[in-house]
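Got the viewer open? Let's take a walk from chain to chain and stop wherever two of them meet.

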6 protein chains.
Amino acid sequence: MNRRPHIYVLNPNSSQIVTDGLDRAVQPLRLADGPAISCLRLPQGPAGVQSQTDIDTLIPHLRAQALSVKEDAAAYVVACFSDPGLYTLREAVDVPVLGIAETGVLTALSLGQRFGVLSILQASIPRHLRYFGAMGVTDRLAADLAINMGVSELADEKKTLQRLTEVGQRLRDEHGADVVVLGCAGMANQREALEQALGIAVVEPTQATVAVALGRCLLGW
Amino acid sequence: MNRRPHIYVLNPNSSQIVTDGLDRAVQPLRLADGPAISCLRLPQGPAGVQSQTDIDTLIPHLRAQALSVKEDAAAYVVACFSDPGLYTLREAVDVPVLGIAETGVLTALSLGQRFGVLSILQASIPRHLRYFGAMGVTDRLAADLAINMGVSELADEKKTLQRLTEVGQRLRDEHGADVVVLGCAGMANQREALEQALGIAVVEPTQATVAVALGRCLLGW
Amino acid sequence: MNRRPHIYVLNPNSSQIVTDGLDRAVQPLRLADGPAISCLRLPQGPAGVQSQTDIDTLIPHLRAQALSVKEDAAAYVVACFSDPGLYTLREAVDVPVLGIAETGVLTALSLGQRFGVLSILQASIPRHLRYFGAMGVTDRLAADLAINMGVSELADEKKTLQRLTEVGQRLRDEHGADVVVLGCAGMANQREALEQALGIAVVEPTQATVAVALGRCLLGW
Amino acid sequence: MNRRPHIYVLNPNSSQIVTDGLDRAVQPLRLADGPAISCLRLPQGPAGVQSQTDIDTLIPHLRAQALSVKEDAAAYVVACFSDPGLYTLREAVDVPVLGIAETGVLTALSLGQRFGVLSILQASIPRHLRYFGAMGVTDRLAADLAINMGVSELADEKKTLQRLTEVGQRLRDEHGADVVVLGCAGMANQREALEQALGIAVVEPTQATVAVALGRCLLGW
Amino acid sequence: MNRRPHIYVLNPNSSQIVTDGLDRAVQPLRLADGPAISCLRLPQGPAGVQSQTDIDTLIPHLRAQALSVKEDAAAYVVACFSDPGLYTLREAVDVPVLGIAETGVLTALSLGQRFGVLSILQASIPRHLRYFGAMGVTDRLAADLAINMGVSELADEKKTLQRLTEVGQRLRDEHGADVVVLGCAGMANQREALEQALGIAVVEPTQATVAVALGRCLLGW
Amino acid sequence: MNRRPHIYVLNPNSSQIVTDGLDRAVQPLRLADGPAISCLRLPQGPAGVQSQTDIDTLIPHLRAQALSVKEDAAAYVVACFSDPGLYTLREAVDVPVLGIAETGVLTALSLGQRFGVLSILQASIPRHLRYFGAMGVTDRLAADLAINMGVSELADEKKTLQRLTEVGQRLRDEHGADVVVLGCAGMANQREALEQALGIAVVEPTQATVAVALGRCLLGW
C-alpha cells in the first residue's frame, strides 16, 4: 500500500446529501496519525435504501466499488442500517468490514440496558427484527418504531428532529428504552439534538462504527 | 391466468443434475386437480451456492427469472438452503413465496424437539446460525454440522449417504437431535435411506416446502 | 388398508356446529387423488374446550376415538388450539399427528415476523404462553390477547368478527404483529373477512394444519 | 377443616415402594407445629410413569384422588417429574399445588448456574425439554441425559447409584452442570450419596417441593 | 454449634423500621422445632439501598456481619431486592445463602406465567433487568415498573399501597402479568392488601425466601 | 480540565507485571492528537482477581481511585474480565466507563457468530455465564472453558500460550467457536500468537475496549 491507508465509508445509496452528512459526522475521527476516512456514495444505488429489493439489487455494485478501492483500504464501513452486503464484503477483502446496524446496536448495548430503534419506515422493522434475531440480541430490544419518513424527506432536518423526538419519547416512556439507535444513516447530524431532547443516550451508528473501525486499524486486527 | 397455475421451484444454481433431482423428489406432490410443479435451474447462477457472495450475486437474476414466469405462478419455492432472495421475491410478487430453509426447519419443529442440520461445508454454518437466529428458533437447534462435501461432490450418492449417516449419528448421539434436516437442496434423494440409517425423522426441505406451497395454493392464501 | 386413506380431523369438543364449520373450511383440500378428509366431533368431549381440566379429561376419549379409526387413518389433526393429547396420539399411532396450535403457529412464522394470537378467553393465555415456550418461539410472539367470548358464543359470527377485528387491530398497532393466528378452531370461517379488515395475514389453523397433513400423506413421511 | 391440615404428596404411580421412599424422604419436614404430610400412591396409575400416554391417562384419576382428600388439604405436591395434572389440580382446588419438576428445577436455579437433569429413559427427555421451554429456563439447562433404567429397576439402589454417578459425571464434566436434578421421584433416597460422589449440589425434587409447600402453608399464601 | 441454629435475615440497610417490618413478616415461619429467625440491620449500610454505589459500598460490611454470626448460622437471607453480596457470602460460608430477588422471582415462577415487578425507583429497573437476564428468566417477565417512591417514603403505608395498586394494575392489564413481585424489602407488610386489590398472586420476597431457607435447614442441604 | 485528557485503564489488581502488560498492549492506541492513556494498578487490590469476594472487596478502593483522577479523565476502562465496579463507576463520573468483559464480548460479536471464552479458572465460569446472561448474549456463546491457571501463573508466557492453544482448539472444534475472547486481562500479549495458532479471530479485551474508549473520547459522546 503506497498511499495512506483509508477507512472507506460506503454509503450504498446514490445521495450526495446523505454522503456529505456522513462526511461531516465522521470529521472528529480524522487524526494526524490515523487513517484517512473517505465517504463514498454508490452511483448505481437507489436514492434511498428502503426495501429488501433495494438491498439485494445494490450488493453486486457495492462489492465492485469496495474492490475498486481495495489497494489502500484499511477498513470498510457499510453505512446503511440494513448492513447490505456485509458478509459478502467480508468474503471479498482481508481487512475489517463493519456494518452500522451491527456495530451501532453493539455500541448501544454498553450505553443502556434496553435499546430502542428509530426506523424510517414501518416496512423496515421486520427486516431489522430478523437482523437483531440473527445477532442474538432480541432480549435487549425495547422496541423498533418508525417515524414514517422516507430517506429523501430526512433532508428536512427540523421536521425529522420533531418526529424523532416524538417517537423517541414513546420508546423511552412506553417501551422502557434507556438508549436509542438512529436506524438510518441519513439521520447522522441529529444525534446531539435528539440526545438533548430525550435525556437518554442516542447512538449515531455511522460515527459509532467508524470509531470502531479506527480502533481496529490502529491495532492492526 | 390462462394456463394452469404453477408452483415454480427455483433452484438458484445452474446445475441440471440438482434440478432433475428436485424434479423427481416433488413428483408425489403433482396431482390431477392441483397446480403444476416446475423446477427451474438458474442459468446465471453458480454451479453450487456455497458462499454469501454466491447468494448476493445471484439474487438479481433470480428475481428476473421469477418475474419472467409471473403470469401463471401460483407460488414460488426457493430451493437452496440459504433461502437467497426470499424477501426480495416476496416484495416482487403477490403469491406465496417459500424458502426451503425456513419451511424445512419449521417442518422439523413438528417432527422432533431438537433439530440437527446437515450442512455441506463448515463455511455454511455461521450463515445458517444467523438465519435460525432471525427465525427465533435457536433454542430448538441441537447442532449444525458439516459433511465437508461441495455441491458438485454430492453427485456421488453413495459417499454422500455415508457422510450424512456418520455426521447424522453425531447429531443424534452427541447433540441430542431427534430430527434432522438436510441442509442442501442437492441431497434431495437421500431422505429415505438416511431416515432408515438413523432411526429418527429426516426432513428433505424441498419436498417439505413444495408440500406447504401446494396447501397454500389449494387454500388460496 | 382397504378403504381410501383418511385424514381425520378430530374436534375434541362435542359441538356439531364447530365440526361442520371445520368441514366447510377444509373443503378446498379434498382432491380427487388425495386422501379423504373426515371431521369428527368427540361425543364425550366438553361443549367447548376452555380449561386445562377440559383438556386433561377428554384425552383418554380422544385417544380411544383415534384408535377406533386407525385402520384407514393416513394422518390425524387435533383441531383445538390447545393441541390436547397431541403427544399421546403420536405415541399411539404410526402416521403423522399434527396439532392446530403447533402447525398454525409454525405457519404464521413464514407469513410475518411477529405473530399475534386471538384467544377466546383470558384464561387460555397462560396455557398458550407455556405452549409457545415449549415450542421455543416466544421471541416471535407479538402478543396473545383475548376476545373474551366463550366457544358457544362464537356462533354469533357478526359479533365474533367485530371482536376479532378490534382485538386484531390492537395486536397490529400496539404490539407490532404482522400476522395473526386465530386461537380457536371455532373461528374457522372468519379468516378471510378478518384478513380483509386487518390488512395483514391471518392464519386459520385448522386449514393450515390439514394442508400440511395432506402434504405429509402425499409424500409418505 | 376439623382435622389437622395436610400436605398431600401424590405419587401418580401405583408403586408402594416408590411411595414409601417418598415418605421416608420427607420425614425431616414433619414438624410438631406444621402440617401433616401424607404420601399417597395412585392405585389406578401405572406401575411407573414413563410415557405421555401414562400421563394423559392417569390425570382424571389423580384429580379425583385430590378432590377426595380436599377437606383437610393445605397443599398438594404432584410427585412425578412430568408434573402430570399440575394445572388441572390448580383449577380444581384453592390451596397451593406444586409439581416436583417445576419446583425441583426452580430450586436448582439457586444452587448452580447450569443445571443438569438425570432422566430415567431417553424417551422422557423431549418431554422434559418442552417443559423447561414452557418454564422459560432453557438457557440455564446444561443437559438432560438418561440413565436408561425403567422406574421398576430403580429398586436396585446400588446399580441406580452407579448409573446416576456415571451420567452425573458426564453432566458435570462434558456439559458444564454445576447442579444436578434427580429427574424421577423414584430416586428419592439417592441424593446424599450422589452429591458425595459428584461433589456438586444434587436436588431431590420431592424434598425440595414439599419444603416449599410447607413454607406456603405456614405463610398462608 | 452450641446455640440453637439461626436463619439470619440480613437487611443491608441501616433502617430499624424496615428491619422490624421484616421481623413481623417472617413470624409465621418461626416454629418450635425449627431454627430461630433473626433479622439484623446493617449499621454501616445506607438508609435505603437505591444505587449500585450503595450496593458495592455495603458488601464488605455485610460480609463481616455475616461472618460475625457464623457460629450459629444455619442459613442466611439477604433481604434487599438487589441481592447485594449474594455470591460473596456464598463463598464465605458453608450454609445456604439465599437472596430475596432470586428466590422471590423463582417463587413467582410457580404462581403465574408472567411476573411483574414493582420497583421503588426507575433507576432500579436496568439493574433488575440485568439480574433477571443473569437468572435466564427474561422470557417470563411481563414488565418491571417503578412506583417512584424512595425507601424512606415507604413508611407511609397508605400512600405506598395506593401506588402499588395503581402500578400493579398496569402490570396486570397492560403488560399481562398474572403474578406480581414486591421489588423492595421495605414493602413487606403490603402483600395481603395488594393481593386483595389486584386479584392476582403477590409475592413478598422476604417471606418467600425465608420459607425456602427454612426448608433447606430442615432438610440439611 | 487543564491537563491533556486521559483514558484511565484501571487494572483492579495490584500486579505491576499485569499493568505493564496492559501498558504495552495499548501502545498502538496512543496518538499525537488523541487522549493520553494511563494504566494504573490498584495497590489495595488482590494480587489477582479470582473470586467474587475479590471483586466485592476491591470496588470501594477502585471507586476512590477513579475519583482521585477525575479531573483529567476523559474515559475509564475497567481492565478485569469480571468488570468489577462498572456500574458504580458509571454512577460516579460523567465520562464513558467501559468494562473489558462487556466490550470484549461485544467486539467478538462482530468477528464471528459464536464466541468462545478462555477463562483462567473453573470458578470464574458461572460468574461469566451470569454476566453474559445479563448482557443477553447467551445465544451467541459457544462455550466458556478454563485453562486452569491462576493470574500469577500467567507470567509463564510459554506455558500460558500452550494451554490457551489447547483449550482454544476445543472451543473451535468441539463447541463451534469461530472467535475467541481472552477471559483475563493478564493474557494481554498472547493475542497474536494465539490467533496464529488457532486460525480464527482472537479478541484481546483490553485493546478492544481502549479502542472503543478512544472513539468515544474523539466523538465526545
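One term to pocket before we start: a polar contact is a pair of N or O atoms within 3.5 Å; within protein, one must be able to donate a hydrogen and the other to accept it, and residues adjacent in sequence count only if both atoms are side-chain atoms. You'll be looking at a predicted model, where local features need pLDDT of at least 70, side-chain atom pairs count only at pLDDT 80 or more, and totals for chains, interfaces and linings use all residues. Residues are numbered from 1 along each chain as its sequence is written, chains are lettered from A and ligands numbered from 1 in the order in which they are written, and side-chain values use heavy atoms, with hydrogens and water left out.

**Warm-up: colour by confidence**

Select chain A and colour it by pLDDT, the predictor's confidence in each residue, from 0 to 100. Chain A averages 96, and 99% of the residues score at least 70. For the model, ipTM is 0.97 and pTM is 0.97.

**Stop one: chains E and A**

Now show chain E together with chain A. How many residues of chain E are in contact with chain A? Five residues of chain E touch four residues of chain A, where contact means heavy atoms within 4.5 Å. The buried area here, meaning the accessible area (1.4 Å probe) that two parts lose on being put together, summed over both, is about 370 Å². Carbon and sulfur atoms give 57% of that area. On the chain E side you'll find two nonpolar residues, one polar and two charged. (Ala, Val, Leu, Ile, Met, Phe, Trp, Tyr, Cys and Pro count as nonpolar, Asp, Glu, Lys and Arg as charged, and the others, Gly among them, as polar.) Hunting for polar contacts between chain E and chain A turns up zero residue pairs (both at pLDDT 80 or more). Salt bridges are also at zero between these two chains; that term needs a side-chain nitrogen of Lys or Arg within 4 Å of a carboxyl oxygen of Asp or Glu.

Next, try superposing the pair (least squares on the C-alpha atoms of residues with pLDDT of at least 70 in both). A turn of 120° with a shift of 0.0 Å along the axis lays chain E on chain A, with an RMSD of 0.0 Å. That is the relation of a three-fold axis. To find the axis, pick Asp139(E): of the residues of chain E, its C-alpha comes closest, at 4.7 Å. Only 20% of the interface residues of chain E are also interface residues in chain A, so these copies meet through different surfaces.

**Stop two: chains C and B**

Hide those and bring up chain C with chain B. Each chain puts 35 residues into this contact, and about 2,700 Å² is buried, 62% of it from carbon and sulfur atoms. Select Ser110(C), Leu219(C) and Trp221(C): in chain C they lose the most area to chain B, together 23% of what that side buries. Across this interface there are 10 residue pairs in polar contact (both at pLDDT 80 or more), but zero salt bridges.

Superposing chain C on chain B takes a rotation of 180° with 0.0 Å of shift along its axis (RMSD 0.0 Å). The two copies are thus related as by a two-fold rotation axis. Here 100% of the interface residues of chain C are also interface residues in chain B, so the copies meet through the same surface.

**Last look: pairs that don't touch**

Show chain A with chain D: no contact joins them, and their closest C-alpha atoms lie 12 Å apart. Chain B and chain E don't touch either, with their nearest C-alpha atoms 12 Å apart.
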